[in-house]
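Reader: Please take the fold of the first chain in this model and go through it closely. After that, set it beside the parts of the partner chain that can be described in the same way.

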Amino acid sequence: MNRLKKIKELPLLIVLIAISVFIAIVNPAFLSLENFLDLLKSNLVLAMMAMGMLFILLTGGIDVSVASIITAVNVILGQTLVHFTQNIFVVVLIACAAGILLGLMNGLLISMLKIPPIVATLGTMSMILGVVLYTTNGNWITGIPQNFIDFGRIILFPYILGDGRAIGIPIQVVFLIPVILLTWFVLKHTVMGRGIYAIGGNIDSAERMGFKTKKIILFVYSIEGLIIGLSAVAHTSIMRQVDPNAFLGFEMQVIAAVVLGGASTLGGYGSVFGTLIGVSLFSVINNGMILMRIPTFWQKIIVGFIIISSISVDMIQKKREEKQKVRVDVEEGGTYAV
Amino acid sequence: METPLLEIENISKFFPGVKALQNVGFSINKGEIHALIGENGAGKSTLIKILSGIYQPEPDGIIKMGGETLTHLDPLTSLHHGIVVIYQDFSLFPNLSVLENITLGRYVKSSKRLVNYKEMRKIAVDALKQLGVEVDLDILLGDLSVARQQLVAIARALANNAKLLILDEPTSSLSNTEVQKLFEIMFSLKAKGISLLFISHKLDELFAVSDRFSILRDGKFIGTYDENKLDDDQLISLMVGRQINYTIYPKRHLDIPLLEVKSLTKKGNYKDINFTLHKGEVLGITGLVGAGRTEVVKSIFGLNTADEGTLLLDGKDIIIKTPTDAMLAGIAFIPENRLSEGLVLRKSTKDNLGLTLLDVLSNKLGLIDPVKQEAMVEKWMSKLEIRPNNPDLLAAKLSGGNQQRVVIAKWLATEPKILIVDEPTNGIDVGAKAEIHKLLISLAEAGLGIIVVSSELPEILAICDRVVVMRRGRVTANMYCEGLNQEDIMSKAI
């Protein structure tokens, strides 16, 4: 099993290495430890959100409201920190609860009212952004308490550079690593996790087999909300303020990273390891384009191209499979009588 | 006598307007291969869905497993009692490994929360050992051939401790050698005391494996018979013979060829199809579902291009690659259910009539020319006697019969020489069927050639002058309907 899985994600890994080598040749700065740690810090939230999105894509759903949900949680988080409490533990709980509630809202619309996921999440996205705009007026939330800022600045395994700066693993990995482990464990080792794959493979069969498909769909949107809640804490602790516009268009990046990692937008295919490679690929390409001084507009075009091409390959494969299914068994040597 | 494994009594299922099953009752013994037989639409699928807990029967129905009455059967409790259905699509997961396909159901059933891959492997190996086959457990199911997937589905049933295995047309997508292998497996399961309910349309297969037959016709239970007490002809006569009183229209022998179909072949669909449609004729094409009927007529209409073969219209070769080619050649095609569902109900009769003619009716700017539209609408409303004679009335306000006239009129407005209708009366009530029959006959009398694809033998016998019977992609008979009965047709189709 494990041997096979590794083989499946091998091509992606090779692409990742090839691109890294190419960027390193063009700009050797890419290979420095410092750049690597920067990459980790700036893509950590993407990696967490990708885990959430993986749950959704596996069931055959999609969630375009993720950017609006993290924005909303960030605002709630910022206000709580500024006005109510400085207790980090309480803040994390509040962020998780807010994320779960917003995710649950999507889940209810999709599983109970059977609204197509793209429509439901487009709707909630607009509503959430509206409320965020109303409460913030588009203004940044500043004045985050010092203890939270200090927390966000902690680095693990520090290493002092020649110029006296300390670099190391950002503290925010304490959110990232549990999220990855949780996702892996749920998907790989729980019956419900395998049910998530089963739903993506064939929802009718999953139902016939006895999976409670409505419950499972509700669950994936809630756990995604929980992950977004934790992502919001990680993000705010890195940025030390809340920008209501920071995540504009971020949903596309999340979806693209997961799809790049081999997940199918039609459901059923995708893994944690693949998603991590997808996120790395996406961040390396982005980072490489910056290091190679490619203009921003070109970066956007290239990212869009990557999204569309990786999804098209997926769709074309599915279509081919469908075509092979429609067959009538033709008998040899039939008779013909008038 | 030993208690039967499954006993059902008085099982009925009604849907709005349809009695899908009425008072069905029979029993299946332990270690028996029991065949469930009936025409398309006889109620076999409904019965399977009741046994598997997807549908609930009407209140007085009784289902007993091993003498114990099962109240309120849902999919999970049905599985708990060992009833496992292997559907034609197998209900497997192409994206999961063979291992998980075999064992996952058992985990769901036992309401465990965690999966244990070691244990799964043991269960799967056991199940495959019982079947006596070897399949790589780590391969994705989607990468297996259909026959291998079927084995996985059976292995899954065994892993679920199946007592009654329901096989829904298990041979329909297998080659001959694969069918023989399946039969061997069925016999070995039977020897282990597992009961099988076998559904098939193929007589040779039914007689080869079954101990007893239970026959359904039109949702009614006809009886259970021992395999050795029946022969082919008796079985067919029990299956068919639906008593439906349609008006039988006079049969004609027509001889001016309109459309000649010669050696039409499409790989994987049908092979060497030959027939001729004459001017003014109603030609039926029948056969069991999956015989390739619809595929053939779709090819004639350019929706499913054939690999080989020629079409002659009025003696001249025609090439049809797209529906537009077909429409230009004068062929109209009304797909299944379109007579009953082919209307935009919230639009007027006038608008509905114009739908097929948008390019003819529109002027140079691409807008509809009201003068042309008026003329067209008036012509067809009077030709087909659509009542009330008010083109602005919403289609929803018309009676059923008149709605169907509007649909036909909209296709006739393209001035076809040939009208192909696929299952024209599927799922509509008897009165509306009679209306459609009358209309089709009157069109034929006006000189159109009409091809009716239908599974319903009484309908074929009521309106067709001639019938082409198909079986597994081949034409098996081409007969005048005069003097035919349902058995004559069914014996060629099965």
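Author: The secondary structure of chain A comes to 13 helices and two strands. The model is a prediction, and its scores are ipTM 0.84 and pTM 0.76.

Begin with the overall dimensions of chain A. A compact globule of 338 residues would have a radius of gyration near 20 Å, and chain A, with 22 Å, agrees with that. Along the principal axes, the C-alpha atoms of chain A fill a box of roughly 95 × 50 × 40 Å. Of the 338 residues in chain A, 42% are buried. When contacts in chain A between residues at least 6 apart in sequence are considered, 76% of them join residues at least 24 apart.

The two strands of chain A belong together. Strand 1 (residues 155–160) and strand 2 (residues 166–170) of chain A run antiparallel and are joined by four bridges. One of the pairings sets A:Ile155 opposite its bridge partner A:Pro170 in strand 2 of chain A. The two strands form a hairpin with five residues between them, and in the turn A:Gly164 has a positive phi of about 90°. Strand 1 of chain A is hardly covered, since the count of buried residues among its six residues is zero.

Among the helices of chain A, one pair can be described in detail. Helix 8 (residues 191–201) and helix 10 (residues 213–239) of chain A pack with their axes 10 Å apart, at an angle of about 105°. Angles of 65 to 115 degrees count as roughly perpendicular, and helix 8 and helix 10 of chain A are therefore roughly perpendicular to each other. On the side of helix 8 of chain A, the contact is made by A:Met192, A:Gly195, A:Ile196 and A:Ile199; helix 10 of chain A brings A:Thr213, A:Ile216, A:Phe219 and A:Val220.

Chain B, the partner, has a mean pLDDT of 87, and 97% of its residues reach 70 or more. In chain B, four strands make an open sheet in the order 12-11-14-15, with antiparallel pairing. Strand 12 (270–278) and strand 15 (316–318) of chain B stand at the edges with a single partner strand each, so one side of each has no neighbour in the sheet. On average, neighbouring strands of this sheet are turned by 20° against each other, direction ignored. At one edge, strand 15 of chain B pairs with strand 14 (residues 308–313) of chain B in the antiparallel sense over three bridges. Here B:Leu312 has B:Asp317 as its bridge partner in strand 15 of chain B. Helix 9 (residues 293–300) of chain B lies across strand 11 (257–266), strand 12 and strand 14 of chain B, and runs at about 115° to strand 11 of chain B.

That leaves the meeting of the two chains. The contact takes 28 residues from chain A and 39 residues from chain B. On the side of chain B that touches chain A, helix 2 (75–80), helix 3 (98–109), strand 12 and strand 20 (474–480) of chain B each supply at least two residues. Helix 3 of chain B gives the most to this side, with six residues. The edge strand 12 of the sheet in chain B is thus also one of the elements that touch chain A.

Note on methods
Residues numbered from 1 in each chain as written. Chains lettered and ligands numbered in written order. Predicted model: local features only at pLDDT ≥ 70, side-chain atom pairs only at ≥ 80, totals over all residues. pLDDT = per-residue confidence, 0-100. Rg over C-alpha atoms; globule rule 2.2 N^0.38 Å. Buried ≥ 20, exposed ≤ 12 C-beta atoms within 10 Å, placed from the backbone. Contact = placed C-beta atoms within 7 Å. Pairing = 2+ DSSP bridges. Axes fitted to C-alpha atoms, helices over the stretch in contact; angles between N-to-C directions. Parallel < 35°, antiparallel > 145°, perpendicular 65-115°, else oblique.
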